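Colleague: I am new to this structure and would like a close look at one part of it, the packing of one pair of helices. Please add a few words on the cysteines and on the unusual backbone angles in the loops.

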Amino acid sequence: MQFAFVLFATLGTVTYGSREIAYYQSNKQKRSEIFWGITFLSWATGAISLLIFYIFIFFNGKYSILFFWQSFLIFGVIFDVNWYFTGMEKFKVIISRNFCIKIISLLCIFVFVKSEKDLSLYIVILGLSNIIGNILVWPYLRKEVYKPNFSKLSFKKHLGSTWIFFLPQTSVTLNSLINQNMIAYFDSITSLGYFTQTNKFTGISISIVISIGTVMLPRMSNLVARKEYSKFTDYVTKSIHISSGISIAIMFGLMAIAPKFTTFFLGAQYKFVIHLLVLSSPIVVLVTWSNVLGQQYLIPLNRMKIFTISLICGNLVNVSLNLILLPKMGVEISIINQLINEIIIVGIQFISVRKEIKINIILGDLIKYFFAGIIMFIAVLYLNLQLPMTIFTLLIEIGIGVLIYSMLVISLKTGLYKELKKIIKIR
């Protein structure tokens, strides 16, 4: 429930803010105006979100105390300025702080949370760690921005722009909630559990790859601001190589370890998730491609219209197909519809950029990545079926899979190998 209020409190400022700061990395005066304008706007939306949330709590007596502690997550958003350092490409500030806070909060959970009765304490620890972590970043701003000039904060401009970023986020969130409710209504709560667990595994895998997009967005936006369009397009092509190579490996890796990995972590009652996980694994690749085309290309160029249209069209088709097919075909069709959703998103974005990005350059390498992935899949699947599942054997399977895939990617001289070679300066 609190997630919707957190979403409103951020109001698209994370992506929008980092992009705008990236445009003016070398202009302290301009980025100071942008920073304070977006910050004051996020304080306003955060305050409104908190007020509405507290009104909701007032009329919900049963779990009011738990909801109250969850309001700390909204407070955390008010103090969140990580987007500024992302835009400045100063990731060290964010990573070092996040690492320390995560370790401390994890230790607190292990020490103080002993049973289900400590649920409130668990929520408080998460909320406070979020607030403290965000506050600790503020001292780094002293040398980064000037004091606010209230006559140049451009609230109207920022409000209009953040709404444009907020709408796609809302579309995706609503689509996910609608899917879950339809599965529960048309199928069963058990199927919803299968669907949720499947999405958790694919979600973790996706987050590994699309983190590249978080790093690349400010760099790409800065290149656009400097009008270095040739270099910008070159970076996008490189990103497609790296993201495709990694995501295809993860896709085949998930398929290979699914048979025993799933029941090992979830229990025998979740055996059906094996089938769903194999079916949904291509989503990792599709989301990666849409992240490159959308997050790293369309957003830096401020082509938000086509970006938003692609998401809304994909989500509408997904919901429509679920309404028609889910009652007859069950939870499996929801996974298939998710794949169709992502294909539509990628398709629309690809059509819009097909004349600007030479996708044909990487088609040959895509065949190589799939070939390497299939060989890796066969080897890891054999190990998965032969060995008893333990943490140790899982690590062995992953290690051997990475080794096989890496050797093939190197021997086939793929774009991924060439780009990584440049990054780590292999001679």
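Modeller: What follows takes the helix pair, then the cysteines, then two loop residues. This is a predicted model, in which local features need pLDDT of at least 70 and side-chain atom pairs count only at pLDDT 80 or more, while totals for chains, interfaces and linings use all residues. Residues are numbered from 1 along each chain as its sequence is written, and side-chain values use heavy atoms, with hydrogens and water left out.

Two packed helices are described by the angle between their axes and the distance between the axes. Helices here are DSSP runs (H or I, at least four residues), numbered from the N terminus, and their axes are lines fitted to C-alpha atoms over the stretch in contact, with angles running from 0 to 180 degrees between N-to-C directions. Helix α11, residues 272-280, packs against helix α14, residues 331-353, at an angle of about 15 degrees, and their axes are 9 Å apart. α11 is therefore roughly parallel to α14, a term for angles under 35 degrees. The crossing of α11 with α14 is right-handed, that is, the near helix is turned clockwise from the far one by less than a right angle. On the α11 side, Phe-272, His-275, Leu-276, Leu-279 and Ser-280 meet Val-331, Glu-332, Ile-335, Ile-336 and Leu-339 of α14, where contact means heavy atoms within 4.5 Å. The residues of this contact comprise seven nonpolar, two polar and one charged; Ala, Val, Leu, Ile, Met, Phe, Trp, Tyr, Cys and Pro count as nonpolar, Asp, Glu, Lys and Arg as charged, and the others, Gly among them, as polar.

Turning to the cysteines, the structure holds zero disulfides, a disulfide being a pair of cysteine sulfur atoms within 2.5 Å. The sulfur of Cys-100 has its closest cysteine sulfur in Cys-108, and because these lie 13 Å apart, they are too far for a bond. Cys-100 is partly exposed at 45% relative accessibility, and Cys-108 is also partly exposed, at 24% (buried means under 20% relative accessible area, exposed over 50%, and partly exposed in between, with a 1.4 Å probe and protein chains only).

Finally, the loops: Glu-89, in the loop between α5 (82-87) and α6 (91-112), has a positive phi near 60 degrees although it is not glycine, and Glu-89 is partly exposed at 21%. Lys-413, in the loop between α16 (391-411) and α17 (415-424), has a positive phi of about 50 degrees, again in a residue other than glycine, and Lys-413 is exposed at 53%.

Notes. Helices (H or I, at least four residues) and strands (E, at least two) are DSSP runs, numbered from the N terminus. Angles under 35 degrees count as roughly parallel, over 145 as roughly antiparallel, 65 to 115 as roughly perpendicular and the rest as oblique.
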